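Got your viewer open and the structure loaded? Let's take a walk through it, one selection at a time.

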Amino acid sequence: IIHAVEEAQGKRAPTQRFVDRFAAVYTPAVFALALAVAVGGPLLLGWSWMTAIYKALVLLVIGCPCALVISTPVTVVSGLSAAARRGILIKGGVYLEEARKIKVVALDKTGTVTEGKPKLVAQVVLAQTLPTSQILRIAHSLAARSDHPVSKAIAAGLDGEPLPVQAFGAELGRGVHGSIDGHDYVLGNHRWVEDRKQCSAELEALMQEHELQGRTVTMLANTDAVLALFAVADTTKESSRQAIAELLAMGVEPVMLTGDNPATAKAIAAQVGIRDVRANLLPQDKVDVIKGYLDGGQIVAMVGDGINDGPALSTASVGFGMGGAGTDTAMEAADVLIMNDDLRRVPETIRLSQRTYAVLWQNIALALGIKAVFLLLAIFGNATMWMAVFADMGASLLVVFNGLRLLRHRQSA
């Protein structure tokens with residue numbers, strides 16, 4: 001977290017970069033104007049050299065770009081600090097400013113919309129080629145080697161000592177596989193079993209029965225047939241429905257992207273108010289969906305917590321990672337970390353971004369407006385040195401205090 005905070009200012013907001021470029025032109029221009037007054041006043045207007053030099057010094061003090069240059073970093077740091085106070089770690093000002101333009105929020109299901117703590121609620125042994133206890137032990141052995149929430153739920157719900165597994169591996173978005181006692185097994189989802197051509201009408205009906213109840217179905221299969229079916233149920237977070245309602249009220253469209261089956265995904269989505277559901281997605285499929293929105297000119301955010309979400313988090317305009325229960329991969333790929341895994345922090349980040357952007361331009365207008373007024377007074381001989389000092393320091397203090405108002409950004413419940 002400390003490392004991310006230290007790097008945050010390195011990723012400057014677009015407005016901050018604009019001000020830096022503007023100041024690089026503005027400062028030499030003011031210096032050139034002061035030099036012209038100092039030299040041109042006596043030669044062209046008949047001023048005394050003392051009067052001309054005094055006016056030039058007043059111009060230099062008034063034209064000092066301190067207020068302009070300090071207006072943006074103070075505002076951005078205040079916005080980043082306001083977010084951090086609420087458990088939102090934004091990795092740079094560029095993401096703080098970009099969030100205000102988000103029109104689509106893509107959400108992973110398990111661990112993002114749901115609690116990510118599924119439980120094994122049903123198990124059905126389908127094959128008689130092996131003893132039931134042996135089949136369950138094989139499933140337990142494979143599940144125990146995986147860190148996916150569904151596999152953890154299966155491992156926790158089955159008893160017995162795990163068997164040694166050789167050649168263990170994971171297929172992202174599908175499941176795991178390994179060899180036990182010289183035989184190959186897979187513990188995977190509906191899509192993987194279909195790809196292996198091991199589905200039957202009876203098995204499809206059994207899976208649909210569980211999926212319509214919002215359960216995630218995982219199957220154990222060997223090279224010949226499906227041996228057992230496991231149904232895992234997860235609960236939605238209490239905050240998810242409120243977060244989705246807030247996004248819709250802001251004109252932001254939520255869409256669920258999940259590797260789970262369509263029936264389960266739609267059941268969970270309906271509980272929280274998400275209308276657009278894309279299911280049976282592999283990690284690359286999620287990336288393709290994100291790219292589709294980006295190619296259409298939309299600013300899209302991705303919210304996820306797992307290894308499968310890493311590519312999509314990196315591809316999205318702004319990636320939100322769950323910092324509490326999220327994997328290291330997801331947290332590294334994300335641009336914003338939600339440390340308490342509360343989805344309501346997503347619309348709150350968008351609101352904070354909108355307010356930060358408004359304050360940024362208020363500060364720029366204040367800094368330039370005050371400078372313009374006093375520059376005119378100086379040119380026409382109505383500005384004194386003390387007025388110049390006030391214009392410089394007063395404007396600097398004004399933009400600092402205005403930027404610090406972001407620290408009072410109201411927190412959602």
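What follows is a series of stops, each with something to select and something to look for. One thing to keep in mind as you go: this is a predicted model.

**Stop 1: the sheet**

Start by colouring strands β3, β8, β7, β6, β5 and β4, because that is their order across an open sheet of 6 strands, with antiparallel pairing. The edges are β3 (119-125) and β4, and each of these pairs on one side only. Look along the sheet and compare neighbours: ignoring direction, they are turned by 15° against each other on average.

**Stop 2: strand β7**

Now select residues 215-221, which make up β7. Is this strand enclosed or open to the outside? 7 of the 7 residues of β7 are buried, so the strand is largely enclosed by the rest of the structure.

Show the side chains here. In a regular strand, side chains alternate between the two faces of the sheet. In β7, one side has Arg215, Val217, Met219 and Ala221, while the other has Thr216, Thr218 and Leu220. Both faces are covered, and every one of those residues is buried.

**Stop 3: the partners of β7**

Add β6 (residues 183-189) to your selection. It pairs with β7 in the antiparallel sense over 4 bridges. Want a specific pair to click on? Leucine 187 has leucine 220 of β7 as its bridge partner. Another pair is asparagine 189 with threonine 218 of β7.

Now bring in β8 (226-233). β7 and β8 also run antiparallel, joined by 7 bridges. Follow the chain from β7 to β8 and you'll trace a hairpin, which makes the connection through 4 residues. Click threonine 218 again and look across to β8: phenylalanine 230 stands opposite.

Before leaving, show helix α8 (residues 149-157). This helix lies across β3, β7 and β8, and runs at about 70° to β3.

**Stop 4: asparagine 189**

Go back to asparagine 189, in strand β6. Buried or exposed? With a relative accessible area of 15%, asparagine 189 is buried, because the cut-off is under 20%. What does it touch, leaving aside neighbours within four places in sequence? Its contacts are Gly173, Arg174, Val217, Met219 and Gly259.

**Stop 5: strand β9**

Next, select strand β9 (residues 253-257). 4 of its 5 residues are buried, so β9 is largely enclosed by the rest of the structure. Add strand β2 (residues 104-107): 4 bridges join β2 to β9, and the two run parallel. Then add strand β10 (residues 276-278), which is joined to β9 by 3 bridges and also runs parallel to β9.

Put valine 255 in the centre of your view. Valine 255 is the bridge partner of alanine 106, and valine 255 is also partnered with aspartate 276 in β10.

**Stop 6: two helix pairs**

Select helix α3 (residues 49-63) and helix α17 (residues 385-404). Their axes come within 8 Å and cross at roughly 15°. That angle is under 35 degrees, so α3 and α17 count as roughly parallel. Their crossing is right-handed. Turn on side chains to see who meets whom: α3 brings Tyr54, Leu57, Val58, Val61 and Ile62, and α17 brings Met385, Ala388, Val389 and Asp392. Sorted by class, this contact has 8 nonpolar, no polar and 1 charged residues.

Now switch to helix α11 (residues 238-249) and helix α12 (residues 262-272). Their axes are 8 Å apart, and they pack at an angle of about 70°. That makes α11 roughly perpendicular to α12. At the contact, Ser240, Arg241 and Ile244 of α11 meet Ala270, Gln271 and Val272 of α12. The classes here are 3 nonpolar, 2 polar and 1 charged.

**Stop 7: two backbone oddities**

Most residues other than glycine have a negative phi. Select alanine 167: its phi is positive, about 55°, although it is not a glycine. Alanine 167 is found in strand β4 (residues 166-171), and at 62% relative accessibility it counts as exposed.

Finally, select aspartate 341, another residue with a positive phi, near 55°. Where does aspartate 341 sit? Aspartate 341 is in the loop between β13 (336-338) and α16 (345-379). At 13% relative accessibility, aspartate 341 counts as buried.

Terms used. Residues numbered from 1 in each chain as written. Predicted model: local features only at pLDDT ≥ 70, side-chain atom pairs only at ≥ 80, totals over all residues. Heavy atoms only, no water. Buried < 20%, exposed > 50% of the residue type's maximum accessible area, 1.4 Å probe, protein only. Axes fitted to C-alpha atoms, helices over the stretch in contact; angles between N-to-C directions. Parallel < 35°, antiparallel > 145°, perpendicular 65-115°, else oblique. Left-handed = near helix turned anticlockwise from the far one by under 90°. Contact = heavy atoms within 4.5 Å. Nonpolar A, V, L, I, M, F, W, Y, C, P; charged D, E, K, R; others polar.
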